[in-house]
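I opened my notebook today to look up a pocket and some helix packing. Here is what I wrote down as I went along.

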Amino acid sequence: MNFRFLIYFLFSITCFSNFGQNKIDLKADFDVEKNKISIFQTIQYQNTSKDTLKTIYLNNWANSFSTKSTPLAERIADEFNNDFHLAKNKDRGYSIVTSISQDKEYLEYCELENHPDVIKVELRQPLKPGEYYKITLQNIVQIPNDKFTKYGITEKGNINLRYWYITPTVYNNGIWNYYSNKNLDDLYIPKANLTLEINYPLGFELTSELDSKNLKQNKKYQNITLFGNDRKNTKLFLRKTKDFNTIQNEDFSLVSSISDEGLEVIDKVLITEKVLDFLTINLGDYPHKKLLLTQIDYDKNPLYGLNFLPSFIKPYPNHFQYELKILKIALQNYLENSLIINPREEQWLLDGIQIYYLMKYIDVHYPDMKFLGSFADIWGVRSFHISDMKFNDKYILVFMLMARTNRDQKLTLPKDSLLKFNANIASKYKAGIGFRYLDDFINKDTVEKSLAAFVRENKLKQTSTKEFESYLKSKTSKNIDWFFNDYLDTRKKIDFKIKKVIKTEDSITLTIKNKRDNNMPISLFALKDDSIISKTWVENISGSKTLSIPKSNANKLVLNYNKVIPEINVRDNWKSLKGFFFNNKPLQFRVFQDIEDPHYNQVFFMPVAEFNNIYDGLTIGTRIYNKTVLRKLLNYRIEPQYAFKSKSITGSGFVSNSHYFENSKLYHLIYGIGAGYSSYAENLFVRQITPSLSFMFREATDFRSNKRQSLIFRYIDINRDRDENNILTSSEPNYGIFNVRYIDSNDNLINFNKWYVDFQVAKNFSKIAFNYEYRKLFESNRQLNLRLFTGAFFKNNTGNSNYFSFALDRPTDYLFDYSYLGRSEATGIFSQQYITAEGGFKSKLDFPFANQWMSTLNASTTLWKYVLAYGDIGIVKNKHDSAHFVYDSGIRLNLVTDYFEIYFPVYSNLGWEIGQPNYDQKIRFKFTADPKVLLGLFRRKWF
C-alpha cells in the first residue's frame, strides 16, 4: 500500500512538474524552393496570474510582413526606406494559420485589426489560476526577403530566422502584453521548454543556440531535433556555407559568425575566453550551454563610430575591434536570454547594463585607449582637444548631440516611441552613463555590485524595472529618487554653475546655482593645481544653494571635474580662487573643427572651396566660426572668399542665438542676422543683409512624428549693382522686403503634405502666396504628386519690370533664397535649371510672369519605376490684359526626389515641343550638390 502511494505521489509530482512548465513542441518542414515552412506545433501555457482567462493571445510575428499597411511596414516607411513598399508580393512574407484546436476540437480565432501579427483565441473552457491550456496549431510561413529586417531569405539562398513560429504572450497585472513587430527585436514572451523537430534539405548547415540530437539523413532531406529548457524565442540559420565558428570550453560554447578582422584562430580563442571570463566574473554563469552571436546582431547594433570607417582605415588594433564586437553582442544576447523583462516598455535597463559593462571593460583592459585610437598621436591631430578624449568619453559626447539639439527623450518611453538615433544610440548611452553617475554618487561601487547581483538573482525569472528600483534602493541609505524620477523619467537637463565665492582664512563659502528645474546632485571638487584635495556631493539644489567647505590649499573649485555627470554645459563649472582675472578664458585658435574645450573660448578656421555660381566660379577662402561638434546656443560664422572668375572678394557671415523649450510644441526659437556678398550676373554684385526671427514647432509628445510647423519673420535688405542691359534688373536695384512665412509640413514616405502662406511687403508692392504640396505612394507602387500655387498682389507699383512678379517657370529669386547656378541666364544650360517654386511650370511659355495674380496646379504620376508623366495647368493674369490659360506636359525622371530630377517637355501651349528645333534647350533639370542639403537624406532616417 505504501509502495503504491509512493508511485502515485511520484507520478503526481512528475505530472505537475511537466504541466507547470510552459512548453512548445514543433515540427517544421522547410521547402527552400518555394521559401515556405509548414509548421505543426503544440503550445502548453500555465496561467500564473490570479485571474480566470477566457481568451488568450498569441504572437504570430511571421505575419508582420503580410501587407504594406502592417505596423512593421509603416515603421520601415517612417524611416524613409521604400524597400518594403516597392517589394514584390513574393518577396514579402506571411504566416497563414490553418487551424487551432484544443482536445481535437477547433477553436475560434482571429487576427487583431490593428495587429495582424497577433492572434486572439477563444478557449473552450475558462482557464483558472494555476491551470494550463494546451492547444494545437498548424500554419504555413512564407519566408520574406532578408533586406527588410536582415532576417529571411538572402540573395545567396541562405535562411536567417527569428520570430518565425507562434508563441504565447505574457499576461500579468491584468494585462495581455502583446504588440506588433516593428523590427526592434523586442518580442516579449514567457520562458518555455522547447522541442523543435526540423526537416530541411541536404546541402544546408543548421545553426541554433538550442541543443541538438537525433540527426538523420536520407537522399534529399535531413532531420534534427533541437531542444532546450527555459528558453525565449530562438534564432535559426540554414546556411549553404560554414559561416559559424564554435569555441568551446568544458561546459560552455560560443558560436559566432561575427567578422573576425582576419585574426588567427589562436587570437580569436584567447579573445573569446577573455570576454567570457569578464561576463562570468561580473554577471555569473550563462544559464544555457551555448551562446550564439551573429553578424546580423552586430549589423543591427554595431559599435557606432567604428562602423562608419572604411576597412582600410584602422585607428585601433584588429584584436581590439573584434574584441569589442564580441563583447557588445555577447552582453546583448546574455541579457536578452537571461532577464525576462518587457523589452518594448523597459529596454533602458538592458541597455544601461550593456553600456555600463562595455565601459567597465575598457576601464579594466584598455584604460589608456583614446577615442581616436592611433590617430590621436599623429602630428597635427594631437594638438586638437579631441585627441585627448578617452574611448569611454564618446558616450557622453554622442548623447549630448541629441540633448544639445532638444531631441533627447526620456528613457522610460516605450522603445517604439523613440527616434531611431535615440533607440539605437543616444538613449542607450544615457542609460549606461546614468549608472556611472549614480555609482559615483553612492560612492561604494554599490550600483555595480547591485547590477551584477540583480542579474544573477533574476536569471530566467519574470522581473521588471520596478523590482530593480526596489532592489537598488535596498542597497543604499542615500536618497536616489532623483535617478528614477528626474534622470530616467524626464527630459530634464543637468546644468550647474558656481555663482559666487567668498574666501576667509579657513573656509570657502560658495553658491551653486541649478540652472534647470530638477533635483539631481552635483559633485564639487576642490583642487590644488591639478590635484584633487576634496570632493563633495551637493544635493537638493532648488534654484541656488550656499555651502562652506574647508579652504585647505585649494586654488580652484570645479563642478563635475571627473566628467562623470552628463551635464549639458560645462563651460561655467569652475572658479579660480586666485582672483577674477584667472576666470577669464583665453582665446584658442584651431584649424578645422574640434570638440568643445570648456577651458577656452575656441575660434576655428577651415579652408573652403566652393562653386556657388557661374559668375564667381571657383571660390576659395576661410571659414571662421565657433561651432564645435556639439551645437552651441550662440553661433557665428564669417566666411571671406576669393572668386577666381569675377576676381573679387566675396563671402558671407551670420550670427544667431537659439533657445530650446522642453515639453512644448514650440521647441526652438532662433534669431540672428546674416549677410552676403556675391555675383548675381556677369560683373554685377549683390550685397544682402537679413535679420530674422524663427519659431519652430513639433509634436510635443511624439518626436517620431514628422509634423513640423514654423513661423519665420525676416527683413531682406538688397543692394545690387545696376545694369540697364540686364533683363532682370529692375528700375530700383536696391530694395528692402519684410517677409512673413508660415510653414506646415508632414514629411513621410507614403503620405507627404506641406503647405505655406507667404506674405511680402516692400516700398512698391505687397503680395501674398499660398503653396500646397501632396504626395502619395500607393500600394500598387504608383506615386501621385500634386502641387497647388496661388499668389496675388495687394499692391504693385513696380512699373514695367517683372522682377518682383510671380513667375510661371523660373522665379527671378529677388529674395536670393534659391541655389541658382546662373540666376541671370536667359539661354544656355544654366537657364534650364529648374527649381520647384511659384508657378512650377517646366516649359518656357509666352506668358512667363504675372504682375497681378497667378494660380497653377502641377501634377505627376508614375509610369514605370522612376519615370513619371507630369502635367501643369494654370491661369496667368497681368494688369491691362485678360487672363491666359496655360498648360504643359512631359516626362519626369525622378532619380532622387527633390535632389536630382530631369524634365522632358512634350506638349504645351507651344504645341508638340518634342519635335521643335533646339529641343535640347527645353530640357530642365533639378540638381543639388550642397552637402548640407544632401545630409538631409541621411538625417531624416535617424531624426
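Entry one, the pocket lining. I looked up which elements line the second largest pocket of this predicted model. Helix H2 (71-78), strand S10 (159-162), strand S18 (235-239), helix H5 (295-300), helix H6 (318-338), helix H7 (343-365), H9 and helix H13 (931-942) each put at least two residues into that lining. I then asked myself which of them gives the most. I found that H5 does, with 5 residues.

I noted 46 lining residues for the second largest pocket, and Lys150, Asn183, Asp299, Lys300 and Asn301 are the ones that lie nearest its centre. Sorting the lining by class gave me 18 charged, 14 polar and 14 nonpolar residues. For the space in this pocket I wrote down about 1200 Å³.

Entry two, H7 against H9. I had met both helices in the pocket lining, and I wanted to see how they pack. Their axes come within 7 Å and cross at roughly 65°, so I have H7 and H9 down as roughly perpendicular to each other. I logged the crossing as right-handed. On the H7 side I listed Trp348, Leu349, Asp351, Gly352, Ile353, Ile355, Tyr356, Met359, Lys360 and Asp363, and on the H9 side Lys428, Tyr429, Ala431, Gly432, Ile433, Phe435, Arg436 and Asp439. These contact residues split into 10 nonpolar, 2 polar and 6 charged.

Entry three, H8 against H9. I moved on to helix H8 (residues 394-403), whose axis comes within 9 Å of that of helix H9 (residues 420-442), with a crossing of roughly 125°. That angle makes the two helices oblique, which is why I did not file H8 and H9 under any other heading. I marked this crossing as left-handed. From H8, the contact takes in Lys394, Tyr395, Ile396, Val398, Phe399 and Met402; from H9, Phe421, Asn422, Ile425, Ala426, Tyr429, Lys430 and Ile433. My class count for the contact of H8 with H9 came to 10 nonpolar, 1 polar and 2 charged.

Entry four, H9 against H10. Which residues of H9 meet H10? I found Phe435, Leu438, Asp439 and Ile442 in H9 facing Thr446, Val447, Glu448 and Leu451 in H10. By class, I counted 5 nonpolar, 1 polar and 2 charged residues in this contact. The axes of H9 and helix H10 (residues 446-457) come within 7 Å and cross at roughly 125°, so I put H9 and H10 down as oblique too.

Last jotting, on shared residues. I see Tyr429 and Ile433 of H9 in the contact with H8 and again in the contact with H7. Likewise, Phe435 and Asp439 of H9 touch H7 and also meet H10.

Technical notes
Residues are numbered from 1 along each chain as its sequence is written. This is a predicted model: local features need pLDDT of at least 70, side-chain atom pairs count only at pLDDT 80 or more; totals for chains, interfaces and linings use all residues. Side-chain values use heavy atoms; hydrogens and water are left out. Axes are lines fitted to C-alpha atoms, for helices over the stretch in contact, and angles run from 0 to 180 degrees between N-to-C directions. Angles under 35 degrees count as roughly parallel, over 145 as roughly antiparallel, 65 to 115 as roughly perpendicular and the rest as oblique. A crossing is left-handed if the near helix is turned anticlockwise from the far one by less than a right angle, and right-handed if clockwise. Contact means heavy atoms within 4.5 Å. Ala, Val, Leu, Ile, Met, Phe, Trp, Tyr, Cys and Pro count as nonpolar, Asp, Glu, Lys and Arg as charged, and the others, Gly among them, as polar. On a 1 Å grid over the protein atoms alone, a cavity is a set of points where a 1.4 Å probe fits but cannot get out, and a pocket is an open set with protein on both sides within 12 Å along at least five of seven lines; lining residues have an atom within 4 Å of a point. Grid points are joined across faces, edges and corners, and a volume is the space filled by probe spheres set on the points.
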